Amino acid sequence: MRHPKTVISAIAGIGLGLATALSAPAIAADTNSAAPTSAVALSSPIASSQAAYAGSKEEAANNKAFFEAVLKSAAEKRAANPGAASVTVVYDASQAPSFASQIASSTSIWNNAVSNVKLQAGSNADFQYYEGNDPAGSYASTDGHGQGYVFLDYAQNEEYDSVRVTAHETGHVLGLPDDYSGPCSELMSGGGPGTSCTNTQPNAAEIAQVNSLWANGIAAALAKVS
């Protein structure tokens, strides 16, 4: 879930792309390959009045790149263990201790919803969670070199339903794009429906899309890494 991208110390993110309530245009994000170097990436709080969302082509491209990086990482592990019953995406949440509960809830939500891929905490992770303060809000990001992370912003998670924020950003890990104009019942509409939206569940279309992406995508990725 993002605010105007005027200050970003991490790389271009994929989050919900928050613009200001005054309809200020979104500013293109900086590109940098470094992940947050500490639990607190920036120190600027998010104004509670900034509640409108906007997307960008840059975010959509990063969204796709992040999914492909995670898919490739999972495929490499699957190739080394072809007898695995299902595709597992491993995450490291050690750098986001304040959101342990939300991350666990998000993991449970997605694991209960989809069948072709499962999320699991562990070492040798395919992506990481970080926490801190960032005017850009929460987002998912990739450095373009097979690494990725989800950043969870403190202030935004107080303004919006925190489990929804986390599950939304994790949806990018699984390949789903943003759809800011969607209804509250659509998880990937993110903050578009406003702060009153507390739905944390993906809808049937989102579930089907994730299952399709991982059924077809993992086969293609395996062909490249095997």
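Is Phe151 buried or exposed, and what is its relative accessible area? Phe151 is buried, at a relative accessible area of 0%; buried means under 20%, exposed over 50% and partly exposed in between, with a 1.4 Å probe and protein chains only.

The model is predicted: local features need pLDDT of at least 70, side-chain atom pairs count only at pLDDT 80 or more, and totals for chains, interfaces and linings use all residues. Residues are numbered from 1 along each chain as its sequence is written, and side-chain values use heavy atoms, with hydrogens and water left out.

**Exercise 1.** Classify the aromatic pair of Tyr139 and Phe151 and place it in the fold.

Step 1. Rings of Phe, Tyr and Trp (its six-membered ring) pair if their centres lie within 6.5 Å; planes under 30 degrees apart count as stacked, over 60 as edge-to-face and the rest as tilted.
Step 2. For Tyr139 and Phe151 the centres are 5.3 Å apart and the planes make 20°, and the pair is stacked.
Step 3. Tyr139 belongs to strand S6 (residues 139-142) and Phe151 to strand S7 (residues 148-153), so the pair ties together parts 12 residues apart in sequence. Helices (H or I, at least four residues) and strands (E, at least two) are DSSP runs, numbered from the N terminus.
Step 4. Tyr139 is buried too, with a relative accessible area of 0%.

**Exercise 2.** Do the same for Phe67 and Trp214.

Step 1. A search of the whole structure gives nine aromatic pairs. In the pair of Phe67 and Trp214, the ring centres are 5.6 Å apart and the planes stand at 85°, so it is edge-to-face.
Step 2. Phe67 sits in helix H1 (residues 57-80) and Trp214 in helix H5 (residues 204-225), so parts 147 residues apart in sequence are tied together.
Step 3. Phe67 is buried at 9% relative accessible area, and Trp214 is buried at 0%.

**Exercise 3.** Describe the sheet and locate Tyr91 and Phe127 in it.

Step 1. The sheet is open, with five strands in the order S4-S3-S5-S7-S6 and mixed pairing; two strands pair if DSSP finds at least two bridges between them.
Step 2. Strand S4 (117-121) and S6 are the edge strands, each pairing on one side only.
Step 3. Strand S3 (residues 87-95) runs parallel to strand S5 (residues 127-132), with three bridges. The bridge partner of Tyr91 in S5 is Phe127.
Step 4. Tyr91 and Phe127 also belong to one aromatic cluster, with Phe66 and Tyr129.
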